Amino acid sequence: MNRLLPGSTSQAHPGNKTSDRDQGTFFLQQAHQMYRESHVLRETLNAERLSRAREREQARERILELEEKLAVRSSENASLEEKLVAAVDTEVSLGKVIAAKDAEITAKDAEINDLREVVDVQTNELAKAMAAHTVQQQIASPTEAVSIGQRIEAQWTVRMAEKEQAWILEKTAMEMRLSSLEAELAKAEEIQQAYPEIFDAFIQMEEERGVADSCLFVVATAFVAVIAIRLLKSSYKPRSPPQSLSTLLSYLYLLLSLCSYSELDMGVQQSKQSNSQSSTPIQSVDEKVALREDQATLVGALQRFSVSDDTEPASADGTVNYQELKKWEEDAIKDPKTSVSRAVLDHVDMTTALLSRSARVADTHVFNLKLDYETSPITNQLSSGRCWLFASTNVIRYDAAQKLKIKDFQLSQSYLFFYDKLEKSNHFLELSIEHVDLPLDSRLITHLNSDPIGDGGQLDMAVNLIERYGVVPQSVYPEAYSSSYSSRMDRLITNRLREFSLALRVLVTELREQHSDLDEEHRTARIIAAARKQKEAYLAEIYRILCITLGVPPKPTDKFTFEYYDVDGKFNSYSGTPLEFYKKYRNDKYSLSDSFSLVNDPRNPYETLFTVDKLNNVWGGRPVLYVNTSSDELKQAVITSVKAGHPVFFGCDVGQFSNSSLGIMDTALYEYESAFNIKLKLTKAQRLQTGESSMTHAMVITAVHLDAEGKPVRYRVENSWGLVGDKGYFVMSDKWFDEFVYQVVIPRKLAKPDHVKILDAGNPRLYAPWDPMGTLA
């Protein structure tokens with residue numbers, strides 16, 4: 001049965017079978033099409049349903065996450081509220097403590113007034129007694145006066161002998177009183193550190209009352225009263241008192257002078273405060289410093305009253321005495337600073353806990369004298385001692401990058417590192433041949449064997465490598481694992497070199513026996529030639545180890561191709577040898593090859609040329625030379641170089657008072673002296689003499705901040721430790737420069753003529769190979 005098409009008649013003619021078949025096919029195709037479309041729609045709908053379901057699930061997860069965060073936030077708020085309540089309670093407690101201190105101070109004021117009244121009364125009595133005695137002396141005959149004087153002198157001698165012990169006890173009591181005052185001052189410092197605003201308000205209140213500067217006056221007045229009472233109790237006043245009485249009167253005058261000075265100083269400060277605005281904050285720290293100085297003066301005066309000089313040690317045999325341990329602990333317990341430090345520093349890193357906020361604020365990365373161009377990226381020597389190579393190549397790339405017009409550019413430190421290891425191996429074996437007659441346990445051989453191919457080096461050693469091998473971009477000879485982490489490779493090569501040096505000793509001994517019939521000159525030449533031939537075989541093994549661990553480097557006369565995009569995005573290509581690359585892109589005016597080192601070694605005479613015995617990497621190469629001069633001359637060389645647009649290679653002891661995460665080098669960075677109640681007094685010369693300090697790291701100075709008088713305040717330092725500090729840069733204070741900077745490199749054209757003259761004159765004085773100025777950065 002045929003289905004009717006829309007608009008068709010109800011009857012189908014027999015001749016229309018083909019048409020009906022076509023219509024059926026059409027309907028079938030339409031049905032298939034509709035099925036496919038419905039299937040697509042169904043899949044689309046299902047996909048949308050799944051998407052909506054996922055969105056709902058994500059929404060639910062988001063809601064749960066927000067609810068968790070809300071719960072955490074609520075918990076944090078509750079915790080903050082608890083802390084706030086605790087802080088309020090602490091503030092109330094502190095108020096009570098301050099009130100108690102106020103009461104104590106009031107009591108001390110009353111005690112002072114009482115002592116003053118006693119002194120006034122006794123002074124009046126003394127004056128009356130002296131007046132009566134004078135009248136009696138005027139009436140008495142000369143013979144009676146002499147007799148009275150002799151009798152008084154004898155009685156005075158007996159009286160003084162009886163009272164010496166009482167005098168010692170009185171002195172001890174005064175020292176205990178002084179210790180008590182120091183303890184109270186330390187407690188005040190603790191309160192200040194915990195609650196500076198409240199403490200400042202308290203100090204201001206006490207300053208207005210005139211109490212803050214009266215501690216010295218309290219002690220001195222009490223001591224004067226004791227002396228006055230002792231004198232007034234004596235019934236006789238001889239014309240020529242014994243020496244002890246004169247001494248006592250002298251000390252009485254000293255203490256009265258101290259009191260007068262303290263009162264005068266307080267009057268000046270009160271006058272200054274009255275002239276200043278009322279909003280000016282009290283300088284409590286300065287007041288405490290002045291108070292400590294006054295206390296130290298008083299302690300010195302007290303010590304002069306000692307009646308015996310006890311110089312016997314607690315331990316006669318030099319061992320640690322148990323009683324001394326007990327005494328030290330008792331003294332430590334009495335010191336509030338020690339108690340606080342013990343409570344804090346036994347479970348935290350002291351360098352973190354003792355960071356000085358004032359130093360961090362002062363050491364800002366802002367400079368008013370900088371190089372015009374800044375290289376990138378910041379380099380990273382990783383776990384290797386190649387800082388001197390990084391500093392050298394960073395100085396060279398400053399001009400190379402500008403000539404190449406390239407933004408991110410590094411020279412290959414590994415390229416120079418490879419040849420440095422090879423040259424140092426040769427240098428060590430040559431020294432082994434030269435000193436073959438020295439005993440193995442001699443100091444020189446022991447020193448040479450200790451680290452024959454260490455990673456470190458000096459400027460002159462870098463120049464030796466650069467002039468001999470040139471430089472290449474880092475992409476031409478990139479980093480290897482053993483260049484970034486060199487210790488295992490170093491140990492392997494060191495092991496082989498020590499064995500080779502022993503073998504050369506045996507070889508030389510055998511050759512001497514073989515050529516014993518030759519004269520000394522010919523025999524020595526034969527031995528050296530044979531030893532060097534064997535040395536070359538050893539060096540072939542070292543070369544093989546280096547190629548395996550670092551990769552095969554370009555030879556200094558082999559051409560390489562360097563392709564790059566410049567700052568404008570244009571393609572560029574260079575083709576040449578490492579030596580040609582260095583000569584083309586170096587700074588011809590201020591080249592590293594034409595530079596030399598100024599050093600500051602206060603142990604030795606300034607304006608003198610020095611070198612380090614046996615220190616080098618290239619046998620027969622440029623020697624390591626230093627012109628020793630003052631720290632101020634080194635600073636001036638830095639300023640001159642930066643003003644000329646030239647970066648400065650320098651060597652220092654980087655581990656001293658520095659923080660790599662903050663990028664700060666400052667002698668005031670850590671509060672060691674305050675926390676441990678100590679004084680770090682070693683000078684720069686003494687640190688060198690005792691092994692406390694030496695040149696350990698090389699970096700580059702790129703900026704200086706100068707004050708109004710043109711004197712340096714701080715320096716900007718490009719390091720090679722990656723993105724630590726301020727994006728790879730450190731700030732160095734001027735005081736740190738004085739104490740821990742030992743070397744500054746300056747081009748001859750920028751150096752003072754006197755220093756160039758010293759360098760050119762030659763004839764350097766020798767540092768011993770193990771001298772701290774011979775350590776390698």
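This explanation follows one helix of a predicted model, first to its packing partner and then to a pocket.

The helix in question is H12, which covers residues 413–434. Its partner is H17, formed by residues 520–550. The axes of the two helices lie 10 Å apart and meet at an angle of about 155°. Because angles over 145 degrees count as roughly antiparallel, H12 is described as roughly antiparallel to H17. The crossing of H12 past H17 is right-handed.

The side of the contact that belongs to H12 consists of Phe 417, Phe 418, Lys 421, Leu 422, Ser 425, Asn 426, Leu 429, Glu 430 and Ile 433. From H17 come Ala 531, Arg 532, Lys 535, Tyr 538, Leu 539, Ile 542, Tyr 543, Leu 546, Cys 547 and Leu 550. Sorted by class, the residues of this contact between H12 and H17 comprise 13 nonpolar, two polar and four charged.

Attention now turns to empty space. Rolling a probe the size of a water molecule over the atoms reveals where such space remains. The second largest pocket holds about 450 Å³ of space. It is lined by 25 residues, of which His 447, Asp 451, Pro 452, Leu 615 and Leu 776 are the closest to its centre.

Helix H12 appears again here: with four residues, H12 gives the most to the lining of the second largest pocket. Helix H13 (443–450) also supplies at least two residues of this lining. By class, the lining of the pocket contains 11 nonpolar, eight polar and six charged residues. Helix H12 thus takes part both in the contact with H17 and in the lining of the second largest pocket.

Terms used
Residues numbered from 1 in each chain as written. Predicted model: local features only at pLDDT ≥ 70, side-chain atom pairs only at ≥ 80, totals over all residues. Heavy atoms only, no water. Axes fitted to C-alpha atoms, helices over the stretch in contact; angles between N-to-C directions. Parallel < 35°, antiparallel > 145°, perpendicular 65-115°, else oblique. Left-handed = near helix turned anticlockwise from the far one by under 90°. Contact = heavy atoms within 4.5 Å. Nonpolar A, V, L, I, M, F, W, Y, C, P; charged D, E, K, R; others polar. 1 Å grid on protein atoms, 1.4 Å probe; cavity = no way out; pocket = protein on both sides within 12 Å on 5 of 7 lines; lining within 4 Å. Points joined across faces, edges and corners; volume = space filled by probe spheres on them.
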